[in-house]
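This report is an introduction for a reader who has not met this structure before. Please look over the sequence and the structure first.

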Amino acid sequence: MYAFEYHRPTTVADAVSLLQGASEAKLLAGGHTLIPTLKQRLAQPSDLVDLRGIGELKGIREEGDRLVIGATTTHAEVAASEVVKRAIPALASLAEHIGDAQVRNCGTIGGSIANNDPAADYPAAIIGLNATVKTNQREIAADDFFTGMFETALGDAEIIVSVSFPKPTKAGYVKFPNPASRYAIVGVMVAQTGGQTRVAVTGAAPSVFRLPDFEQALAGNFAASALDGLSVPSADLNSDIHASAEYRAHLVKVMAKRAVAAAGG
Ligand SMILES: Cc1cc2nc3c(=O)[nH]c(=O)nc-3n(C[C@H](O)[C@H](O)[C@H](O)COP(=O)(O)OP(=O)(O)OC[C@H]3O[C@@H](n4cnc5c(N)ncnc54)[C@H](O)[C@@H]3O)c2cc1C
């Protein structure tokens, strides 16, 4: 049924060699996006390189004022981690509300951000918390990572190794979930980190984006009421069977205010 070679390397270096040696290899993490894609024949890779046997891609640790999460760490592991709950509770809460238990037990942070689904939750955390994505080749700043719908700055044979989050002083994430999948129809991460305020929106447009006027208002007064006079233009927002662009624009402001409240503002 599927004509590919399956590989399970134990080091990143071996995974890179396998990618470089195959005509059209794909990385496999939790498989919750890739396997349905294969089933629908939307991808027909020559080789599947399973990352789950690679120890250096796993785990959660603190490094000074940063929280580092390995690429194959599952959403369930992030949600349950006492380290994440203490350092960035908004991130643990975000992971806890992804999909259902099966999705959370298989899906990984690396797979989620490499896929860059417009409705995925983690992109809002990467941008809102100003994280750094570490690959086998380089470090990529949050604002440079997501380049378009299902598109990222990752090159060929480039593997996400970990994501490093600076610990914020305040952070909150709230989404309006699709009632079937729990993907974000709109999700907003609001954070203050090192004196900088960020507001990142997922679900509303082809890719995650920031709201500079919301950020400016919250920098002066970190309170939900600071957003009262602002609105979000609907012109570039998604419109589909779940929500019109106008409704999404309305939801962005409502979710942003709730995220500020969740962050203690
Ligand atoms: C029913 C359902 C409900 C869901 N609900 C939500 C939701 O509410 N919120 C949400 O955010 N997500 C949701 N998801 C998505 C899910 O959480 C996973 O994050 C997502 O499927 C991708 O992660 P994965 O580990 O399964 O990646 P895979 O499917 O294994 O891989 C996805 C892509 O990323 C690439 N990749 C994987 N790991 C790496 C790496 N380390 N470096 C470079 N490239 C890599 C793969 O080659 C592939 O192209 C849902 C999925 C399903 C099936």
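The sections below deal with the ligand and its surroundings, then with one histidine, then with a sheet.

## Basis of the report

The structure is a predicted model. Residue numbers start from 1 in each chain, following the sequence as written.

## The shell around the ligand

The ligand is surrounded by 30 residues. Those that come nearest are L27, T33, T108, D121 and R182. By type, the shell splits into 13 nonpolar, twelve polar and five charged residues.

Two contacts run from the protein backbone to the ligand. A polar backbone atom of A29 is 2.8 Å from an oxygen atom of the ligand. For G30, a polar backbone atom is 2.9 Å from a ligand oxygen atom. A side chain takes part as well: H75 has a polar side-chain atom 2.9 Å from an oxygen atom of the ligand. On its own the ligand has 980 Å² of accessible area, and the protein covers 89% of this. Two or more residues of the shell come from each of the elements β2 (25–28) and α7 (109–115). Of the elements, α7 gives the most, with four residues.

## H7 and its neighbours

Strand β1, residues 5–7, contains H7. The side chain of H7 is joined to that of D47 by a polar contact of 2.7 Å.

Leaving aside residues up to four places away in sequence, H7 touches L18, D47, L48, V49 and D50. D47 therefore appears both in this list of contacts and as the polar partner of H7, at a distance within the 3.5 Å cut-off for a polar contact.

## The five-stranded sheet

Strands in a sheet are paired by hydrogen bonds of the backbone, in a parallel or an antiparallel manner. In this model, five strands make up an open sheet with antiparallel pairing, and their order is β4-β5-β10-β6-β7. The edges are β4 (60–63) and β7 (139–141), each of which pairs on one side only. From one strand to the next, the twist averages 25°.

How many bridges link β6 and β7? Strand β6, residues 132–135, pairs with β7 over three bridges in the antiparallel sense. On the residue level, V133 has I140 in β7 as its bridge partner.

Notes. This is a predicted model: local features need pLDDT of at least 70, side-chain atom pairs count only at pLDDT 80 or more; totals for chains, interfaces and linings use all residues. Side-chain values use heavy atoms; hydrogens and water are left out. A residue is near a molecule or strand if one of its heavy atoms lies within 4 Å of it. A polar contact is a pair of N or O atoms within 3.5 Å; within protein, one must be able to donate a hydrogen and the other to accept it, and residues adjacent in sequence count only if both atoms are side-chain atoms. Accessible areas come from the Shrake-Rupley method with a 1.4 Å probe; for residues, only the protein chains shown count as cover. Ala, Val, Leu, Ile, Met, Phe, Trp, Tyr, Cys and Pro count as nonpolar, Asp, Glu, Lys and Arg as charged, and the others, Gly among them, as polar. Contact means heavy atoms within 4.5 Å. Two strands pair if DSSP finds at least two bridges between them. Axes are lines fitted to C-alpha atoms, for helices over the stretch in contact, and angles run from 0 to 180 degrees between N-to-C directions.
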